[in-house]
Amino acid sequence: MSEDTSVNTGVVCWPDPDSAWWAVRKMQIKLHRWASQDKARRFDDVYNLVCDPAFLVLAFERVASNIGARTPGVDRVTVARIRSQVGVEVFLGEIRAQVKARVFVPVPVRRVMIPKASGKVRALGIPTVADRVVQAALKLVLEPIFEADFLPCSYGFRPNRRAQDAIADIQHITTRGYGWVLEADIQSCFDTIGHTALLERVRARIKDKKVLALVTAFLKAGVMTAAGEYEDTWTGTPQGGILSPLLANIALSALDEHFDRQWRQSMNTWHQRERRRKQGLGCWKLTRYADDFVVCVKGEREHAEALRGEVAEVLAPLGLVLAPDKTRVVGIDDGFDFLGFHIRRMRKRGTRDRYYVYTVPSDKSKATIRDKTRWHTRRSTLREDLGQLLRRVDQSLRGWANYFRYGVSKAVFSQVDYHAWRRIAAWIRRKHGRISWREVRRRFCDQGWRFAHHGVVFQGASSVAVTRYRYRGTRIPTPWAITEPATR
């Protein structure tokens with residue numbers, strides 16, 4: 001696409017995935033630049049981008065590359081079936097014709113209940129492949145626009161951002177004297193977001209009524225339960241849809257804007273913060289990852305407690321409430337869990353008065369990987385080959401360790417490996433008739449007590465190097481932020 005191409009583009013043939021990626025990226029860069037340059041701009045005539053062949057091809061590729069491509073919706077159609085029986089171009093052609101003629105109607109999502117560690121269940125909505133493709137195309141159009149407005153304190157489900165950025169941000173803030181933390185969680189966030197308030201925030205940037213009608217159609221599509229009963233969706237955006245995280249961030253950006261406004265008006269400079277301290281007032285900063293967030297407070301405990309009601313007032317117009325059992329005020333010296341990490345200020349070992357904020361895997365995270373190891377080494381797997389078992393356990397441990405490598409995790413990795421080693425050893429002895437420990441070492445170990453079988457060596461979580469995560473602060477660029485070349 002040339003620089004002078006109109007937003008209302010058209011492509012006469014189906015491009016290959018690489019060409020589609022470049023075409024979509026060029027248009028996304030334009031949308032993001034226009035949204036960044038004019039914060040009050042409302043975009044019109046972007047509906048044709050949703051049914052543009054390049055956007056649909058890229059949307060299908062992203063749906064097909066997701067692990068959920070093997071899971072069907074209520075129509076029982078999978079990506080593999082579309083490729084083998086229907087044909088991708090035929091499938092996308094039918095979707096494009098329906099969307100372009102404005103006769104595309106989303107079907108209800110298939111609800112499945114996913115058990116949670118707390119013993120409760122989470123409702124997960126599985127759309128059809130056709131709905132997923134249209135949602136993905138919508139996201140390709142909307143995301144560059146709204147990313148221009150999202151604030152740096154938000155990290156969940158955003159491009160170029162990850163959970164470790166949120167942890168590093170909290171560690172950076174609490175290291176600088178913010179000793180109280182309001183740890184909060186929104187109760188059933190994805191299920192209770194008010195449609196009216198959400199669409200009002202979407203309208204602040206999107207003027208195209210056809211796009212707004214399509215977003216509304218997805219919100220009102222309904223749910224098909226496991227018993228085959230249809231339920232209306234008067235609130236919320238089904239958790240599991242491709243568009244749902246973006247819509248949730250659009251709604252929850254109201255919370256980000258509230259605290260950012262306070263910071264810029266009365267806490268932005270050192271002089272302002274010092275004046276508030278002398279007046280007996282506190283200072284605070286928000287760090288949010290999707291519907292989980294913490295507010296770090298510099299001041300007294302009552303300052304953090306007062307923020308609980310303030311947050312509730314901001315969330316109320318969105319139809320959201322705080323979860324009472326997951327919302328509390330805690331001192332940084334007592335520590336708290338966030339995104340699988342336990343964050344706590346402790347005295348550095350070997351010193352008397354040097355305190356640092358440490359991040360380590362939480363007890364819940366350690367229990368999760370131990371439970372997974374027990375599952376891999378359960379009695380019903382005794383018929384499997386030892387090499388397969390070692391490969392499967394090692395994959396779980398290394399994947400878990402890669403997430404927690406940016407923390408004080410070396411000792412925890414060793415503990416997890418020891419538990420896995422004991423489970424594997426017990427599995428071997430059960431499989432081979434309670435053979436002696438000497439026989440276990442002779443037949444199934446290569447170096448000392450390290451398990452190895454047919455070229456497969458048990459490495460464990462300790463094989464993942466622990467390193468410091470580079471704090472990026474507010475300098476995290478979006479994928480569409482193009483810097484101008486330096487001029488001489």
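This passage describes a sheet with its helices, the salt bridges and the cysteines of a predicted model.

The model is predicted: local features need pLDDT of at least 70, side-chain atom pairs count only at pLDDT 80 or more, and totals for chains, interfaces and linings use all residues. Residues are numbered from 1 along each chain as its sequence is written, and side-chain values use heavy atoms, with hydrogens and water left out.

Helices (H or I, at least four residues) and strands (E, at least two) are DSSP runs, numbered from the N terminus. Two strands count as paired if DSSP finds at least two bridges between them. On this basis, 4 strands form an open sheet. Their order is β6-β7-β3-β8, and the pairing is antiparallel. The edges are taken by β6 (283–289) and β8 (328–331). Each has a single partner strand, so one side of each lacks a neighbour in the sheet. From one strand to the next, the twist averages 20°.

Strand β3 covers residues 180–185, and strand β7 covers residues 292–298. The two run antiparallel and are joined by 6 bridges. A184 has F293 of β7 as its bridge partner.

Two helices lie across this sheet. Contact here means heavy atoms within 4.5 Å. Axes are lines fitted to C-alpha atoms, for helices over the stretch in contact, and angles run from 0 to 180 degrees between N-to-C directions. Helix α7 (residues 163–174) lies across β3, β6 and β7. Its direction is at about 165° to β6. Helix α13 (residues 301–315) lies across β3, β6, β7 and β8. The angle between α13 and β3 is about 25°.

Helix α13 also carries salt bridges. A salt bridge is a side-chain nitrogen of Lys or Arg within 4 Å of a carboxyl oxygen of Asp or Glu. Side chains of opposite charge can pair when their charged atoms come close. The whole structure holds 19 salt bridges. In α13, E305 takes part in two of the pairs described here. R301 meets E305 at 3.5 Å, N to O. These residues are 4 apart, about one turn of the helix. R308 pairs with E305 as well, with the closest N and O atoms 3.2 Å apart. Here the spacing is 3 residues, again about one turn of the helix.

Accessibility is graded by relative accessible area: buried is under 20%, exposed is over 50%, and partly exposed lies in between (1.4 Å probe, protein chains only). R301 is partly exposed at 35%. E305 is partly exposed at 30%, and R308 at 28%. Elsewhere, salt bridges with shared partners join K39, D149 and R205 into one network.

Within that network, D149 bridges to R205, with the closest N and O atoms 2.7 Å apart. This pair links distant parts of the chain, 56 residues apart. D149 sits in the loop between α6 (129–147) and α7. R205 sits in the loop between α9 (195–203) and α10 (209–219). D149 is partly exposed, at 26% relative accessibility. R205 is buried, with a relative accessible area of 2%.

The cysteines were searched for disulfides, defined as pairs of cysteine sulfur atoms within 2.5 Å. The whole structure contains 0 disulfides. For C189, the closest cysteine sulfur is that of C153. It is 15 Å away, too far for a bond. C189 is buried, at 1% relative accessibility. C445 also counts as buried, at 12%.
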